[in-house]
Amino acid sequence: MAHTTPSTPTYGLMAEFRDPETLLAAARRTHEAGYRRIDAFSPIPVHGLAEAMGHRDRKVQTAVLVGGIVGMIAGYSLSYFTSAVEVPWLPAMFSGYALNIGGRPLHSWPSFIIPTFETTILFAGITSLVSMLIFNGLPRPYHPVFNVARFREHASTDAFFLCVEADDPRFDRAETRRFLEGLGATEVNDVEH
Amino acid sequence: MSTEITRERLPAAPDDVPVIAPGQSLRTVTEKVSDIVLRKKSPLFWFAGLGVGFLLLQLFLLGVTRLLFVGTGIWGLNVPVAWGFAIINFVWWVGIGHAGTLISAILFLFRQPWRMSINRAAEAMTLFAVACALLYPLFHTGRPWLAAYWLLPYPNTMGMWPQFRSPLIWDVFAVSTYATISAVFWFTGLIPDLATMRDRAKGAFAKTVYGVLSMGWRGSAVHWRRYETSYMLLAGLSTPLVLSVHTVVSFDFAVSLVPGWHATIFPPYFVAGAIFSGFAMVLTLLIPIRAVYGLKGLITERHLDAMAKVMLATGWIVFYGYMMEGFLAWYSGNKYDWFVIWNRLTGPYWWALTLLILCNGIIPQTLWSRKVRTSPVLLFIVSIVVNVGMWLERYVIVVTSLHRDYLPSSWGMYAGTFWDWSIYLGTIGLFLTLFWIFIRVLPMISIFEMRELVHRTGHEDAPVPTR
């Protein structure tokens, strides 16, 4: 939120943990304590961590399914309309060729399966990357968590973090800090905007 | 708690060689891999490797310049062999390009922990090999600047469309999709590592470039979850794709009616051959690289052993394919089919078939020996032999099926000219150049997966530094 005036004096509190197991336990307890605007950060994927914070969605899966179906329809339609349909009233550039190739029927669908298969994979694969980035809000050039020095130096190497954001209704700077320290955090830092 | 984090127990290693040398921590593996890129000075052997590639690349530029000025007449192509080096090299390169996605996707779905330290380099190799492959059909059109409307379907004022009933158009779709999805898969795998590089880079320029490429990745748990979903889906999509690519390439031959090409065994045996040659090329590249970069702790003998076993298995599928080709030509009672096989065995290209059997059938049998599989030097030699053998396989398939057709008066011989060879060696130069540049600017081993591996195998005896 670099461009808008922040509503809170800091972005939140960043607690650091020794290992993924402690982080997972801490994230679960923080969620159970009623905090909702929280996020955990780790240099390796930690299974069950997002779920422990109440995150559930199947957006990427859905998007990839839709992408694949769109690709399939696109590929088949392309093959069909360019190889089997001639529309006299359309300009030549949009009309297909209805040519007799080796006596095959115009709608020679087995030949069209291969381009259809390829476009299905193509659309689904690209959707997989693009939807993951979009739903994750990436690319994002600036984010307040990078203002924590420990985070910059260790988050992508060997340290595990839990961030409670200041706009969480339960957030209280002193009390939340105590709470995080009680979860076994090795240190807790303020996150500047 | 730890049972929830550990995705699955590692399968018991078939032998005592680990997939990662003991004594590594999250920090040491990160440093080990990223420092190869982030060090200021390039080592001397890097210049030597790049130099060899770059010199060969000049042959490519020379050959292509001449080709564009004069035309495809400078190649050895002529009736009856109107399909020579261009298709041989295309198939060879596409085949080599199979190992990367196989290692990344199929071994990922099978949860093979040994894939983790070789998948990045193998995927890069795939991309570069496919790029080299695509150059051949493009230049074989003679006028690559017109190839857009010959190959790609888009509405144009000439009202031209490609022919969707033609295997050549299937091939365009298959290989271009494969190239695109391999690039997407590779980039997806790179995102967390680019973030690591961004955080570890010292120079402002490197920080900016890695920062932009990493898309602002910050390792959020929610992001990781979607990331892993996306990666898994890409692996699932790539698996049928990788098996389909060489199937479609084989259709270029099998769908025709030429004796020697028109065979239903082609798709599976082409795919096996592709994996065979791909793994050979991965070994050819990684054996020297792990030695010069001191990565023997990350790319261990276990990896060499596993890749050698894949080669042995796929080599036998390929060899079975050769035998079945011969058997079916005889058993079908079709005299034209039998003539092609007989001509391969005893005709003027008998030497190519003999060398092929030696390279792909006999010499790889040394891989039954564990000693050969774990000896870098011997394995390197075998991998080179297999690369040569797989090139000869395509040479035999293409040339011997064409050079003597139904009318003895139209029989002929084929040989590559200087320009054929210069472009072939030139693409090897392009491949090596791209690979050495890749090693210098991107982490050649997936850092976050190595960290995951360290965490899972519990080799982390150095504690996480927390002041």
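This is a short tour of a predicted model, going from chain A, across its contact with chain B, to two helices of chain B.

**Stop 1: chain A as a whole**

Select chain A and colour it by secondary structure. You should find six helices and four strands. Follow the chain from the N terminus and the elements come in the order β-α-β-α-α-α-α-β-α-β.

Now zoom out. Along the principal axes, the C-alpha atoms of chain A fill a box of roughly 80 × 35 × 30 Å. The radius of gyration is 26 Å, while a compact globule of 193 residues would come in near 16 Å. Of the 193 residues in chain A, 43% are buried. As for contacts within chain A between residues at least 6 apart in sequence, 76% of them join residues at least 24 apart.

**Stop 2: where A meets B**

Show both chains and pick out the residues that touch across them: 67 residues from chain A and 57 residues from chain B take part. On the chain A side, the elements giving two or more residues are α1 (20–32), β2 (38–41), α2 (49–52), α3 (59–83) and α4 (109–135). Which of these should you highlight for the largest share? Go for α4(A), which supplies 16 residues. Colour the chain A side by residue type and you get 38 nonpolar, 19 polar and 10 charged residues.

**Stop 3: B:V318 in helix α12**

Move over to chain B and select residues 301–331, helix α12, where B:V318 sits. Is B:V318 buried or exposed? It is buried, because 27 other C-beta atoms lie within 10 Å, against a cut-off of 20 or more.

Next, show its partners. Neighbours within four places in sequence aside, B:V318 is in contact with B:Y269, B:A272, B:G273, B:F276 and B:N360. For a distance label, try B:V318 to B:L234: they are 84 residues apart along the chain, and their C-alpha atoms are separated by 28 Å.

**Stop 4: helix α13 and its two sides**

Select residues 335–346 of chain B, which form helix α13. At 1.5 Å a residue, these 12 residues should span 16 Å, and the end C-alpha atoms are indeed 16 Å apart.

Show side chains for B:D337, B:V340, B:I341, B:N343 and B:R344, which are buried. Why do they fall on the same side of α13(B)? Because they cover an arc of only 160° around the axis. An α-helix has 3.6 residues a turn, so residues three or four places apart point the same way.

Spin to the other side of α13(B) and you meet B:K335 and B:T346, both exposed. Finally, add what covers the buried residues of α13(B), including α12, α14 (350–362) and α16 (376–402) of chain B.

Technical notes:
Residues numbered from 1 in each chain as written. Chains lettered and ligands numbered in written order. Predicted model: local features only at pLDDT ≥ 70, side-chain atom pairs only at ≥ 80, totals over all residues. Buried ≥ 20, exposed ≤ 12 C-beta atoms within 10 Å, placed from the backbone. Contact = placed C-beta atoms within 7 Å. Nonpolar A, V, L, I, M, F, W, Y, C, P; charged D, E, K, R; others polar. Expected span 1.5 Å × (residues − 1). Arc of directions from axis to C-beta. Rg over C-alpha atoms; globule rule 2.2 N^0.38 Å.
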